[in-house]
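This report is an introduction for a reader who has not met the structure before. It takes up selected side-chain contacts, aromatic rings, a sulfur link and several groups of strands in turn.

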Amino acid sequence: MTTIRSIVFATLWIPGIAVSATYTYELSGVQPWADAGESGTITNYVNVRIYVPGSKSYAYNTVPIYTPTYSSESNASGDVVGSVYNVYGSGTTAFVEPYDGAKRTVIYPASQILHTELLSVNNDRLAIGNYNVLGGHAAGRGFIYDIVFDQYTEIVAPNTVWTDLADINNSGQIAGTSINANGAVRKGFVYDCENGFQTIDVPGSSWTVPKKVDDEGNVYGVVSGIANASYFIARPDTPGSYLSCSLVPRDDVAEPVAFGDSIDFEMSGDYALGVKIADFDGGGVNDLLIYHEPGKTILYLGEEAFDSKVKFYGDEFNTLSAGIDFPTEWDFNNDGLTDKLESNGSVNRLYIARTDGDFHYVPQELPSGKLYVGDLNADGMVDLATFNGGNASILLQSVHATTDPAPVTDPAPVTDPAPVTDPAPVTDPAPVTDPAPAPDPVATGDVPAIDSGAKKIERISTIVEVRENAVLLSSGKVLWFNPDTVIKYNDASGLEPGQTLEFKAWKNPDGALIGIKVEVA
């Protein structure tokens, strides 16, 4: 099940910024915008054999079986989005072809989905589209698709059963149409992260249907019910380029679950056709029961690090499992909340739960391939098992950052020479007066005084992408650089993709981060 954020109606007040725009409308008999993207028609044919009874002969004819129509649009980076429509009624399917990855199908994760279309993509790698399902709200709803994190955010306009999105600009504004139950009234809207929904309705018109929105927030569309006018332009008094927020929370990143030691071994079979994880032999550690082929099931014993095995030649893959309650929910970071694992057979993602019942927006990428999970070394933490042909790899979880297995036990942990430069801070009754730190710890990144129960945290991660004032790390975390942080580097201009960063931080017992230094390894 994929996590879907839903935006219904919201207006966010930010002091000093106008929260809504006043639009001036212009009418035209000529389309005032240029259509973007590409479209085409491809007809597929099949040879059909025709037999007339009594003729003793066959005839062959070439018959078209379906004619999909392809439409697509791209952004400045080269990401391409589009839709494939089948005129024979099997539905519309969307696709995305990222500039830095393989082309993939995009189907909105809803039950009984009928159509999914992607219409536009901006330079922030956010695409917009619409979906329909059989029954229920079959009229349709809009959504944002995040190419970077493969995430869906539903967009539902207020007071309507049909939301039809049309375009997204590089400022993060979305233009669309809200339609009432019988379709008689259609009004446009612009949605953004600061102002919520703003109505676009040409005075005196029966329909106002936006089709495009440019980077300054000008909205272009179709109008009806006004003599000698078929098109309109709605110009805002405040350009949309001032927006400083984001449509999606890409900074909502959980502390990653850390995996360390691995156990790799060659199985006694060519493939793992079926895998079950449980303590089948009562040895105190979960085992791997693997179905390799008919008549060949092998139990790899966990208490022997899967080096010892027991072979079976019957239906033991099912009989040994009888009566065992296999878990279906997992708490990867032991915080008491159920996390979510998503897999499409090759790409695996972990979504860490939040206390509000939702999940952190940015997932953690897990090893690719056929993935199984369970506690495989009896330490109470969830581990990973992947299988590739006749090879198995067990990736054991190391302690999560918030439960560091080696906290500083010295009642005066400031004696660690790395974060504190005082050669003998344990004798200093007031460590906050340590003369070594600079007067402004926020600007310099030096570590302030810490509690006696504080824990030291050290992590390493690789830069995947350098952004403005931020970098995307291989862990999935977005690291921000600005004067408001306690990070040693206050800008990302000197960083490059592929560089390895070392993190050294201290946390108080209440979990509050009190100091962090980031250095290039």
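The side chains of S120 and D167 are joined by a polar contact of 2.7 Å. The model in which this contact appears is a predicted one. S120 itself belongs to strand 10, and S120 counts as buried because its relative accessibility is 1%, where the limit for that class is under 20%.

## Aromatic rings

A pair of aromatic rings is described by the distance of the centres and the angle of the planes. The structure holds 15 aromatic pairs. In one of them, the ring centres of Y108 and Y131 lie 3.9 Å apart and the planes meet at 5°, so this pair is stacked. The two tyrosines come from distant parts of the chain, 23 residues apart: Y108 is in the loop between strand 9 (104-106) and strand 10 (113-121), while Y131 is in strand 11 (residues 126-133). Y108 and Y131 are both buried.

A tilted arrangement is found for Y145 and Y152, whose rings are 5.1 Å apart from centre to centre, with 55° between the planes. Y145 and Y152 are likewise both buried. The residues of these two pairs also belong to a wider group, since Y108, Y131, F143, Y145 and Y152 form one aromatic cluster.

Rings also take part in contacts with lysine side chains, and the table sets out two such cases.

| Lysine | Ring | Distance to the ring centre |
|---|---|---|
| K276 | F317 | 4.4 Å |
| K340 | F359 | 4.8 Å |

In the pair of K276 and F317, the lysine lies over the face of the ring, and in the pair of K340 and F359 it is the charged end of the lysine that sits over the ring.

## The disulfide

How many disulfides does the structure have? The count comes to one disulfide, and this link is formed by C193 and C245, whose sulfur atoms are 1.7 Å apart. The link of C193 and C245 is right-handed, with 90° about the S-S bond. It connects distant parts of the chain, 52 residues apart: C193 is in the loop between strand 16 (186-192) and strand 17 (196-200), and C245 is in the loop between strand 20 (231-236) and strand 21 (259-266).

Are the two cysteines of this link buried or exposed, or do they fall in between? C193 has a relative accessibility of 17% and therefore counts as buried, whereas C245, with a relative accessible area of 30%, is partly exposed.

## Two open sheets

One open sheet consists of four strands in the order 21-31-30-29, and its pairing is antiparallel. Strand 21 and strand 29 (370-374) are the edge strands of this sheet, each pairing on one side only. From one strand to the next, the twist averages 20°. Within the sheet, strand 29 and strand 30 (residues 383-388) are paired in the antiparallel sense over five bridges, and the bridge partner of G374 in strand 30 is D383.

A further open sheet is made of three strands in the order 26-27-28, again with antiparallel pairing. Strand 26 (340-343) and strand 28 (364-366) stand at the edges with a single partner strand each, so one side of each is left without a neighbour in the sheet. In this sheet the twist averages 30° from one strand to the next. Strand 27 (residues 348-351) pairs with strand 28 in the antiparallel sense over three bridges, and L350 stands opposite Q364 in strand 28.

In a regular strand the side chains alternate between the two faces of the sheet.

## A covered strand and its hairpin

Strand 18 (residues 207-213) is mostly covered, with five of its seven residues buried. Strand 18 runs antiparallel to strand 19 (residues 219-224), and six bridges join the two strands. Across this pairing, V209 stands opposite V222 in strand 19. The hairpin of strand 18 and strand 19 has five residues between the strands, and in this hairpin G217 takes a positive phi near 90°.

Notes:
Residues are numbered from 1 along each chain as its sequence is written. This is a predicted model: local features need pLDDT of at least 70, side-chain atom pairs count only at pLDDT 80 or more; totals for chains, interfaces and linings use all residues. Side-chain values use heavy atoms; hydrogens and water are left out. Rings of Phe, Tyr and Trp (its six-membered ring) pair if their centres lie within 6.5 Å; planes under 30 degrees apart count as stacked, over 60 as edge-to-face and the rest as tilted. Buried means under 20% relative accessible area, exposed over 50%, partly exposed in between (1.4 Å probe, protein chains only). A charge sits over a ring if NZ of Lys or CZ of Arg is within 6 Å of the ring centre and within 35 degrees of the ring normal. A disulfide is a pair of cysteine sulfur atoms within 2.5 Å. Two strands pair if DSSP finds at least two bridges between them. Axes are lines fitted to C-alpha atoms, for helices over the stretch in contact, and angles run from 0 to 180 degrees between N-to-C directions. A polar contact is a pair of N or O atoms within 3.5 Å; within protein, one must be able to donate a hydrogen and the other to accept it, and residues adjacent in sequence count only if both atoms are side-chain atoms.
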